[in-house]
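Please open the model in your viewer and keep the selection panel at hand. We will go from stop to stop, choosing residues and looking at what surrounds them.

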Amino acid sequence: MTAVAEKTNFLGMPKAKLEAFFEEIGEKRFRAQQILQWIHQRGVDDFDQMTNMSKALREKLKQVAEIRGPEVIYDETSKDGTRKWVMRMDNGNSVETVLIPDGERGTLCVSSQIGCTLDCTFCSTGKRGFNRNLTAAEIIGQVWVARKAFMPFEPGPDRPITNVVMMGMGEPLMNFDNVVDAMNLMMEDLAYGISKRRVTVSTSGVVPALDRLGDVTDVSLAISLHAPNDELRNQLVPLNKKYPIAELLAATKRYMARLPDKRKATIEYTVIEGVNDQPEHARELAVLLRDLPCKINLIPFNPFPESDFRRPSMNATRRFQKVMNEAGYVTTIRTTRGDDIDAACGQLVGRVEDRTRRSQRYISVQQVAP
C-alpha cells in the first residue's frame with residue numbers, strides 16, 4: 001500500500017520558505033505573498049476562499065498543503081482582563097498562551113516548547129518536565145489563534161496584539177530554528193507587521209545560541225537572570241553551571257552591540273522572599289550590570305504547588321527597586337496579572353507527557369516530605 005504524503009502546513013512558513021515551496025511545484029514566487037496575507041492578515045485557512053488564485057491552483061494546493069492551527073481546549077479571561085488559552089498540539093500535549101492588555105498595548109506571551117528542558121526552581125513549567133519542541137506552525141499558531149479571537153481579522157492600527165514575548169513555556173533558544181521562523185512571521189509586513197522592538201526573545205542563558213541569534217535577527221532581548229552571583233544562580237537556574245553569569249553577560253553585550261539602534265536589554269529578576277530579595281542582593285546586582293546598557297524588570301514570585309518559595313512583601317520589592325533606581329537603572333516592578341486563572345509569570349503548565357520523568361520525581365519527593 002502506498003503511503004499518503006504528509007501535507008505541508010503553510011501556517012509556520014516564512015516568506016522565503018513559501019517562495020521556495022511554490023517554485024518547487026512550478027508556480028510563481030509571488031504566490032507566497034498572497035498566501036501570507038490570506039493566512040495571517042485575514043485569518044483564512046480554506047484555500048477555496050483565496051479568490052485571487054485560480055481554481056486549478058487552489059485544487060493543487062489542497063492536495064499538497066494545509067493551514068492548520070492548534071486546537072483551543074481552554075479559553076478564559078481573568079478578572080483583570082488577562083486572557084489565557086490552552087492549546088492542544090499534535091500528540092495530545094498542550095501549551096498555554098497568555099494575552100496581557102495594558103491600555104493601547106496588548107502583549108502576547110508565547111510558548112516555544114511543550115514543557116521545558118531547563119529546571120529553574122521558581123518556575124512551574126519546569127516541574128512538568130519536557131516533551132518536545134514546538135514546530136514553527138505551533139508557535140506562530142498561538143499568535144494566529146489569539147488574533148482570530150478578536151474579529152474582524154483585518155490589518156490596521158487597532159490590532160489587539162502589539163507586542164509578542166517569547167516568555168511562555170520553554171526555553172526559546174533551545175528550539176532555535178522554529179522560533180526564528182515564527183518570529184520572522186511576527187515581523188513580516190505581509191503577516192503581522194510587529195516591530196522588531198516589540199518582539200522579544202527571553203533566554204535563561206544558552207550562550208552559543210545567543211551568539212548565533214545575532215547572525216539571523218535583531219529582535220529585542222530579555223535575560224532571565226534572577227541572581228547577582230553564580231553561587232545563588234546555580235541554585236535557581238541550573239543552566240548557569242554550564243554558562244555562568246560572566247559568559248552570559250558577555251554574550252548579551254555582543255548581541256546588543258550588533259543591533260542597529262540603541263535598545264537596552266531587559267534583565268528579568270524574579271524576587272523571592274528570603275532568597276534574593278535583600279538590599280545587598282540589589283547592590284551586588286547594580287555592580288554586576290554596570291557595563292551593560294539595560295533596564296530591570298522585577299517580578300514578584302508567583303507561588304505554585306510544587307514550590308516552597310514565597311512571594312516577597314511589596315516593601316521588600318520596593319526597597320530592591322529603590323537601590324537599583326538610585327544606582328541609575330530604570331527599574332520596574334511587574335504587576336501580577338492573571339493569577340486567578342494561573343496565567344501569571346512562572347505559572348504556565350499546560351499538559352506535558354514528560355519524557356524526562358522530572359515531574360514524577362517531584363511528585364515522589366512531595367509524597368515522602370514530612
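Select Cys-116 to begin. In this predicted model, Cys-116 is buried, because its relative accessible area is 10% and the cut-off for buried is under 20%. You will find Cys-116 in the loop between strand S7 (113-115) and helix H4 (124-127). An unreviewed UniProt entry includes Cys-116 in a "binding site" annotation, together with Cys-120 and Cys-123.

Next, move along to Cys-120, which is also in the loop between S7 and H4. Is Cys-120 buried or exposed? With a relative accessible area of 9%, Cys-120 is buried. Show the residues around Cys-120: leaving aside those up to four places away in sequence, Cys-120 touches Lys-127, Ser-204, Leu-236, Val-237 and Pro-238.

Ser-204 leads to the next stop, since Ser-204 is one of the residues in contact with Ser-224. Select Ser-224 in strand S11 (residues 220-224). Ser-224 has a relative accessible area of 11% and is buried. Beyond four places in sequence, the contacts of Ser-224 are Ser-202, Thr-203, Ser-204, Arg-233 and Glu-268.

Now turn to the other annotated positions. Which residues does the UniProt annotation "active site" cover? The unreviewed entry names Glu-96 and Cys-345. Pick Glu-96 and colour strand S5 (residues 94-102), where Glu-96 lies. Glu-96 is buried, at a relative accessible area of 5%. Draw a distance from the side chain of Glu-96 to that of Lys-84, and you will see a polar contact of 3.3 Å.

From Glu-96, step across to Cys-109, which touches Glu-96. Cys-109 sits in strand S6 (residues 105-109) and counts as buried, with 11% relative accessibility. Its contacts, again without residues up to four places away in sequence, are Glu-96, Thr-97, Val-98, Val-165, Met-167 and Gly-168. Try a C-alpha to C-alpha distance here: how many residues apart in sequence are Cys-109 and Gly-168? The pair is 59 residues apart along the chain, while the two C-alpha atoms are 5.4 Å apart in space.

For a change of scenery, show helix H5 (residues 136-148) and helix H6 (residues 176-187) as cartoons. Their axes come within 8 Å and cross at roughly 35°, and the crossing of H5 with H6 is right-handed. Add side chains for the residues that make the contact: Ala-136, Ile-139, Ile-140 and Val-143 on H5, and Asn-178, Val-179, Asp-181, Ala-182, Leu-185 and Met-186 on H6. Colour them by class and you get eight nonpolar residues, one polar and one charged.

Finally, zoom out to the whole protein chain. How many helices and strands does the chain have? There are 12 helices and 14 strands. The chain has 370 residues, and 53% of them count as buried. You can also draw the contact map: of the contacts between residues at least 6 apart in sequence, 67% join residues at least 24 apart.

Note on methods:
Residues are numbered from 1 along each chain as its sequence is written. This is a predicted model: local features need pLDDT of at least 70, side-chain atom pairs count only at pLDDT 80 or more; totals for chains, interfaces and linings use all residues. Side-chain values use heavy atoms; hydrogens and water are left out. UniProt positions are given in the numbering used here, feature names are shortened, and annotations may be inferred rather than shown by experiment. Helices (H or I, at least four residues) and strands (E, at least two) are DSSP runs, numbered from the N terminus. Buried means under 20% relative accessible area, exposed over 50%, partly exposed in between (1.4 Å probe, protein chains only). A polar contact is a pair of N or O atoms within 3.5 Å; within protein, one must be able to donate a hydrogen and the other to accept it, and residues adjacent in sequence count only if both atoms are side-chain atoms. Axes are lines fitted to C-alpha atoms, for helices over the stretch in contact, and angles run from 0 to 180 degrees between N-to-C directions. A crossing is left-handed if the near helix is turned anticlockwise from the far one by less than a right angle, and right-handed if clockwise. Contact means heavy atoms within 4.5 Å. Ala, Val, Leu, Ile, Met, Phe, Trp, Tyr, Cys and Pro count as nonpolar, Asp, Glu, Lys and Arg as charged, and the others, Gly among them, as polar.
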